[in-house]
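Subject: The structure you asked for

Hi,

Here is the structure, ready for you to open. Have a look first, and my notes follow underneath.

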Amino acid sequence: MNAPKHGDEVERQELSHLLPRPGTPGLSPARSQRLEEYLMQEVTQAGAQAQPSPAAKRGMPRWSLIAAPAAALAVAAAVAVNVTGSGDGMTPDDSVAMASVITVQPASAHGASAFLSQVADAAGKQKTPAVGAHQFIYVKSKVGFTHQVKQRTIGGAAKLDAVHQRQVWLAADPSKDGLIREGGQNITIHNSGTGVVNPGAASQPPRPGTVLQIASLSTDPDALLKQIYSATRGQAPGRDAAAFNWVGDTVSESIVPGDVASAIWRAAAKIPGVVLVKDATDAAGRHGEAIAHVSNGERTEYIFDNNTHLFLGERSYLVKDTPAGKAGMLTGTSAVLSRAVVNKMGDLPAGARA
């Protein structure tokens, strides 16, 4: 009989035995990073007296308060990360505290499809920059997500982080590492390739993330919706909610060709439970209309400019009281500020500031 192991390793082994083997994650590398961070926090914080680092405290997106463990383990199998100090004297950007509780806005299925048709038309007219095989997609945003108040707890009281800057560099080549710069730290995304678990399954597309993977998605909304359901099969928090989350994972931190983006929004209109919210605010304070979906008491909104109908950011919050908090409690907020193509990981677009 082998001698028992102690500490972090035994906790990781216990988790691996308790939870099922993961399927295709269906998350963008950046979103996968957040889930991976949470998993590592959960298995390494036993008995810790010191406060967690900014990266460890970073919360989880969307359905995080409902179904954390399985999702986190699935991502851990697909994406490995390495968190280090910036090493360049960089200090965390100016963070802004915002109200953690908002008024739950009315929502209706009426008008949602027509609005998404306008969104799809606007997306289809957008010119996207060409991305070379050795280049990187750069996305700058503002984000704020919840984290558990008590370490090593699932579903308990949570607190919203201050809204802060986030920069992401995603390689066009899926075999190359990417980078997240957030909270004064550099976080390396160690990619594991295309993310295809079963290459023989023709109906299952690669995990979106790189230029070629996204460009390969169907531009027919009905066919694309079938691909989305196939790619997210078995994922929390449920069939339609997982499909809706896939949409945000795909468009938020990437550059999507106009015809594919148009198809994505038309496919989203076909997801049962999608509703229209007439007034929503992103992490940068910009107002717009949103499409939304509710699962387990948490609403996820994708926000669009009132005039251009272009994507601004996301917001998620509780629409009913749960163990995590009261109705109206924000669980996440983001705002996309800029997208560009750069030649090297860490490069900034011309004229941009860090």
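At what angle do helix H8 and helix H9 pack, and how far apart are their axes? The angle is about 160 degrees and the axes are 10 Å apart, with H8 covering residues 239-252 and H9 covering residues 258-268. Anything over 145 degrees counts as roughly antiparallel, so that is what H8 is relative to H9. Their crossing is left-handed. If you want to see who touches whom, look at Trp246, Val247, Thr250 and Val251 on the H8 side, and at Ile264, Trp265 and Ala268 on the H9 side. Sorted by class, that contact of H8 with H9 has 6 nonpolar residues and 1 polar one, with no charged residues.

Before I go on, please keep in mind that this is a predicted model.

Now for the overall picture. The chain has 354 residues, and 51% of them are buried. Its secondary structure comes to 9 helices and 11 strands. If you take the contacts between residues at least 6 apart in sequence, 67% of them join residues at least 24 apart. The chain exposes about 15600 Å², and 53% of that is supplied by carbon and sulfur atoms.

Back to the helices. H8 also packs with H7: the two axes come within 9 Å and cross at roughly 110 degrees. Angles from 65 to 115 degrees count as roughly perpendicular, so H7 and H8 are roughly perpendicular to each other. On the H7 side you will find Leu224, Ile228, Tyr229 and Ala231, and these meet Arg239, Asp240, Ala243 and Trp246 in H8. The class count for H7 with H8 is 6 nonpolar, no polar and 2 charged residues. Trp246 is worth clicking on, since this H8 residue is listed in the contact with H7 and also in the contact with H9.

Between H7 and H8 there is a loop, and Pro237 sits in it. The peptide bond joining Ala236 and Pro237 is cis, with omega at about 5 degrees.

While you are in that area, try Asp222, which lies in helix H7 (residues 221-231). Is Asp222 buried or exposed? Neither, quite: Asp222 is partly exposed, because its relative accessible area is 45% and the partly exposed class runs between 20% and 50%. Asp222 and Ala263 are 41 residues apart in sequence, while their C-alpha atoms are 8.7 Å apart in space.

Two spots further along caught my eye for their backbone angles:

- Asn296 has a phi near 55 degrees, a positive value in a residue other than glycine. Asn296 is in the loop between strand E8 (287-295) and strand E9 (298-305). With a relative accessible area of 42%, Asn296 is partly exposed.
- His309 has a positive phi too, near 65 degrees, and again the residue is not glycine. Look for His309 in the loop between E9 and strand E10 (311-318). The relative accessible area of His309 is 14%, and since buried means under 20%, His309 counts as buried.

So the two loop residues fall into separate classes: Asn296 is partly exposed, whereas His309 is buried.

That's what I have for now. Shout if anything is unclear when you open the file.

Cheers

Note on methods. Residues are numbered from 1 along each chain as its sequence is written. This is a predicted model: local features need pLDDT of at least 70, side-chain atom pairs count only at pLDDT 80 or more; totals for chains, interfaces and linings use all residues. Side-chain values use heavy atoms; hydrogens and water are left out. Axes are lines fitted to C-alpha atoms, for helices over the stretch in contact, and angles run from 0 to 180 degrees between N-to-C directions. Helices (H or I, at least four residues) and strands (E, at least two) are DSSP runs, numbered from the N terminus. Angles under 35 degrees count as roughly parallel, over 145 as roughly antiparallel, 65 to 115 as roughly perpendicular and the rest as oblique. A crossing is left-handed if the near helix is turned anticlockwise from the far one by less than a right angle, and right-handed if clockwise. Contact means heavy atoms within 4.5 Å. Ala, Val, Leu, Ile, Met, Phe, Trp, Tyr, Cys and Pro count as nonpolar, Asp, Glu, Lys and Arg as charged, and the others, Gly among them, as polar. Buried means under 20% relative accessible area, exposed over 50%, partly exposed in between (1.4 Å probe, protein chains only). Accessible areas come from the Shrake-Rupley method with a 1.4 Å probe; for residues, only the protein chains shown count as cover.
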